[in-house]
Amino acid sequence: MPHSPVATRLRSWATRLDNSHLLKFLLVGGLSFAIDLGLLVILHEVFGVGLWIATPVAFLVSLIFNFLLQRIFTFKATNRSHSSFIRYAVLVVFNTVATDFIVNTFANLDLTYTAGKVVATASTMAWNFFLYKYWIFPSDQATDNAASGTEPKITPKQKAKPDTRSNT
């Protein structure tokens with residue numbers, strides 16, 4: 001029985017979404033944000049931890065979750081995990097300082113710290129996607145080589161085979 005054009009289009013759209021790095025990045029990012037904000041509220045509201053401590057702690061816990069899922073689920077990275085982790089750590093330091101500054105600025109302006117958290121997340125998300133995709137979890141050997149400044153490695157299968165045909 002042939003598939004209807006609508007069903008075919010829906011399947012095609014679903015496949016594209018499933019293969020979309022951006023969609024997966026946003027999904028994992030949304031889960032990470034929920035962990036981040038939830039832990040921040042629990043630490044600050046329930047346990048009375050100061051914002052200067054609760055904000056970076058919640059942020060760092062969510063980033064560990066984020067790193068693992070982005071590496072495995074979103075980008076299916078095959079590059080060396082230690083080099084990805086070092087690059088990720090550099091980004092984490094920058095994002096942590098930026099997030100802590102934004103959240104506390106909102107709190108000091110008598111705005112809610114949760115609004116500051118939303119603004120901080122939106123601010124960091126834009127550059128994070130591109131840095132994750134092209135610098136932290138590069139998808140192919142060429143991207144890895146471009147980032148490290150090395151030449152691509154040629155495997156024995158990639159080497160040209162000599163022409164053994166006779167010219168006679």
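## An all-helical predicted model

The protein contains six helices and zero strands. Read from the N terminus, its elements follow the order α-α-α-α-α-α. The model is predicted, and the confidence of the prediction is therefore taken up below.

### Overall character

Of the 168 residues in the protein, 31% are buried. The accessible surface amounts to about 11,300 Å², and carbon and sulfur atoms account for 69% of that area. Among the contacts with a separation of 6 or more, 67% join residues that are 24 or more positions apart.

### Helices H2 and H5

One pair of helices can be described in detail. Helix H2 covers residues 21-46 and helix H5 covers residues 113-136. Their axes come within 11 Å of each other and cross at roughly 145°. The crossing of H2 and H5 is right-handed. On the side of H2, the residues in contact include Leu22, Phe25, Leu26, Phe33, Leu37, Leu40 and Val41. On the side of H5, Tyr113, Val118, Met125, Phe129 and Tyr132 are among the residues that take part. The contact also involves His21, Asp36, His44 and Glu45 of H2, together with Thr114, Lys117, Thr121, Asn128 and Lys133 of H5. By type, the residues of this contact are twelve nonpolar, five polar and four charged.

### Two loop residues with positive phi

Two residues deserve attention for their backbone angle. Lysine 76 has a positive phi although it is not a glycine, and aspartate 110 likewise has a positive value in a residue other than glycine. The table sets out their angles, locations and exposure.

| Residue | Phi | Loop | Relative accessible area |
|---|---|---|---|
| Lysine 76 | about 45° | between H3 (51-74) and H4 (81-108) | 52% |
| Aspartate 110 | near 60° | between H4 and H5 | 73% |

Because its relative accessible area is 52%, and exposed means over 50%, lysine 76 counts as exposed. Aspartate 110 is exposed as well, because its relative accessible area is 73%.

### Confidence

How confident is the prediction, as given by the mean pLDDT of the protein? The mean pLDDT is 81, and 79% of the residues reach 70 or more. Confidence is highest in H2, at a mean of 94, and lowest in helix H6 (residues 141-148), at a mean of 45. Over residues 141-165 the pLDDT is below 50, and this stretch has eleven contacts in the model beyond near neighbours in sequence. Where pLDDT is low, the predicted coordinates should not be read in detail.

Terms used:
Residues numbered from 1 in each chain as written. Predicted model: local features only at pLDDT ≥ 70, side-chain atom pairs only at ≥ 80, totals over all residues. Heavy atoms only, no water. Axes fitted to C-alpha atoms, helices over the stretch in contact; angles between N-to-C directions. Helix = DSSP H or I, 4+ residues; strand = E, 2+ residues; numbered from the N terminus. Left-handed = near helix turned anticlockwise from the far one by under 90°. Contact = heavy atoms within 4.5 Å. Nonpolar A, V, L, I, M, F, W, Y, C, P; charged D, E, K, R; others polar. Buried < 20%, exposed > 50% of the residue type's maximum accessible area, 1.4 Å probe, protein only. Areas by Shrake-Rupley, 256 points an atom, 1.4 Å probe, with all protein chains shown as cover. pLDDT = per-residue confidence, 0-100.
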